[in-house]
Amino acid sequence: MTPREPAMTPRDLNPAEIAALRQRYPGAFRSARGPRLLAGLAVAGLLALAGDAMVRLDFSVIRLLAGLGRLGEFSLMLLPPDPAGQAWTFLRALAETLGIAFIGTLAAALLAFPMAFLAARNVVPNPFVHFTLRRGLDVMRSVDVLIWALIWINVVGLGPFAGALAIACADFGALGKLFSEAVETVDAKAGEGVSASGGAELHRIRFGLIPAVLPVLGSQVLYFFESNTRSATIIGIVGAGGIGQYLTELIRVLELRQVAFLILMILVTVAAIDAVSTRLRRALIGGASRQGRNLIGLNV
Amino acid sequence: MLMVKPITPLPPDRAAALAQAYDGAVAASRRRVWAGLAVLVVLTGLAAKAAEVRPWVLAGNIGKFTDYLAQILPALSLGNLGGDLAEWYWGWPKWLALLGETLLMAYLGTLLGAIGGFLLCFAAAGNVARSRAGCFLVRRALEFCRTVPEIVFALIFVIAFGLGPMVGVLALAIHTTGALGKLFAEVVENIDMKPVESLTAAGAGRIETLRFAVLPQVLSNFVSYGLLRFEINVRGAGVMGFVGAGGIGQELLVAIRNFYYADVSAILVLIILTVMAIDLGTERLRHHLLGGLR
């Protein structure tokens with residue numbers, strides 16, 4: 001090796017050294033042409049499909065520009081937000097919305113809890129039961145909340161109760177799936193310990209599985225409550241109660257200042273619920289580990 | 001050297017103290033559980049009052065629900081299965097076209113939203129954003145886009161742009177921008193910063209840093225979240241028709257409102273099968289993607 005200046009730049013490497021490096025690290029010098037070509041083709045395919053979709057869905061620049069102009073006018077009409085003397089009505093509708101979300105989530109969680117164990121492979125190993133229950137949950141989940149609301153309106157009439165039932169049905173499918181996946185991923189050692197010391201199947205579930213999954217399930221339920229406050233705001237569009245009813249009507253008659261007030265109310269409420277449930281979730285999951293630490297401290 | 005040591009029991013006073021501490025801990029956790037349950041019951045009562053929960057109405061009318069299910073089920077007989085199926089799906093050319101439209105809406109909405117989220121996520125991620133004020137503003141904007149439900153955007157856009165699937169796409173795209181922008185930004189915030197530092201030290205500009213230090217770390221997660229969102233948007237696009245924003249929703253709304261029972265089940269089955277197929281497909285793709293790149 002010849003002595004070098006301390007400040008080395010890439011240009012200082014001579015071809016022989018590069019060849020040596022190439023031999024030592026063939027991976028770093030591999031030609032990227034193949035993967036790049038593939039990626040380029042994939043992107044081109046996606047864009048071509050997008051272009052085709054735009055043609056099929058009647059995208060037109062003229063409509064877009066005219067609409068944007070009108071949207072600009074609308075955004076001026078939004079200001080300033082003003083309840084127009086209906087603040088109290090709106091607040092009650094907001095309370096109704098929160099009630100719908102709460103009852104719907106709670107009912108879904110209560111229904112999904114037993115389903116979590118029935119549809120989990122490590123509790124009910126029968127593949128037929130597993131398949132049937134999971135696909136059943138999938139069916140409940142793939143029907144949108146608004147469609148469920150339309151169906152329940154036929155049963156209990158217009159109003160928030162139909163909305164709560166709709167959320168309960170849609171979320172039962174989603175929570176049931178998530179819960180049973182949580183049960184399936186639990187560490188099996190605790191359950192095996194219970195079985196080995198003579199516990200029955202139900203003991204295994206009660207003392208081996210439930211303590212491990214409960215914080216996870218709780219945090220998932222909180223997360224769903226958050227997202228349900230959002231879906232409960234629109235359920236009024238089909239007449240199933242909550243703030244959506246006012247929102248729809250006021251948008252249709254272009255009372256945009258009241259709409260802006262409603263949207264502000266929703267934003268503030270959702271942000272508040274987000275903040276509370278984030279803290280609760282942290283406490284729930286952190287609390288479990290703290291309890292564990294306490295127990296260890298007690299034993300030592 | 002092995003020593004066998006007999007286990008000596010704890011002195012009684014130590015054992016008693018430990019047992020007492022254990023009982024105390026158990027009692028404290030029980031008290032917490034009961035307090036939590038009491039709060040839950042009170043909240044449930046309030047929520048039930050607000051949501052006008054009437055279990056007796058449900059109990060009294062649950063027959064209507066089963067009746068409804070029985071009514072929408074098609075009359076299929078083994079003897080004339082082909083004919084019955086043809087009658088059940090009498091509108092299949094139209095329905096399939098609408099279903100295709102729904103899928104295209106979901107695809108385009110997801111793609112446009114993902115592009116929007118991609119462009120905004122670097123400004124919203126605390127570790128690579130250039131200005132704190134810009135980061136705050138972009139985050140609030142994303143929050144707005146994701147909190148206002150897509151149907152509400154669709155309602156407003158229908159008035160501005162006129163009826164049709166373009167409105168549904170725009171509404172989905174804005175909501176998706178908000179949702180994906182936040183998730184993307186979280187992914188970016190969790191990257192390993194060492195490549196970014198070394199590229200900055202080597203004199204790379206912002207675009208080069210993002211392209212060669214950030215992007216390789218986040219791309220697989222971005223695609224995975226995008227696929228997840230596509231799945232959600234297919235469901236969302238299915239109901240866009242409720243407000244006149246295109247897709248199969250309009251047909252379903254008409255069928256439900258006008259009590260065309262067999263049509264309701266035919267369209268519902270179509271939607272359910274499509275959503276389930278896309279669920280399975282995207283799940284496979286995501287596992288493949290995350291498994292292949294890690």
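This passage describes the fold, confidence and nonpolar core of a predicted model. In this model, local features require a pLDDT of at least 70 and side-chain atom pairs count only at pLDDT 80 or more, while totals for chains, interfaces and linings use all residues. Residues are numbered from 1 along each chain as its sequence is written, and chains are lettered from A, with ligands numbered from 1, in the order in which they are written.

Chain A contains 12 helices and 0 strands, where helices (H or I, at least four residues) and strands (E, at least two) are DSSP runs numbered from the N terminus. The radius of gyration of chain A, taken over C-alpha atoms, is 29 Å, whereas a compact globule of 300 residues would have a value near 19 Å; the globule rule is 2.2 Å times the number of residues to the power 0.38.

The mean pLDDT (the predictor's confidence in each residue, from 0 to 100) of chain A is 82, and 90% of its residues reach 70 or more. Over residues 288-300 of chain A, pLDDT stays under 50. Where pLDDT is low, the predicted coordinates should not be read in detail.

Of the 300 residues in chain A, 33% are buried, that is, 20 or more other C-beta atoms, placed from the backbone, lie within 10 Å of their own. The largest nonpolar core (buried Ala, Val, Leu, Ile, Met, Phe, Trp, Tyr and Cys residues joined through C-beta atoms within 7 Å) has 141 residues. Helix α8 (residues 160-184) of chain A gives the most to this core, with 15 residues.

Technical notes: A residue is buried if 20 or more other C-beta atoms lie within 10 Å of its own, exposed if 12 or fewer, and partly exposed in between; C-beta atoms are placed from the backbone. Two residues are in contact if their C-beta atoms, placed from the backbone, lie within 7 Å.
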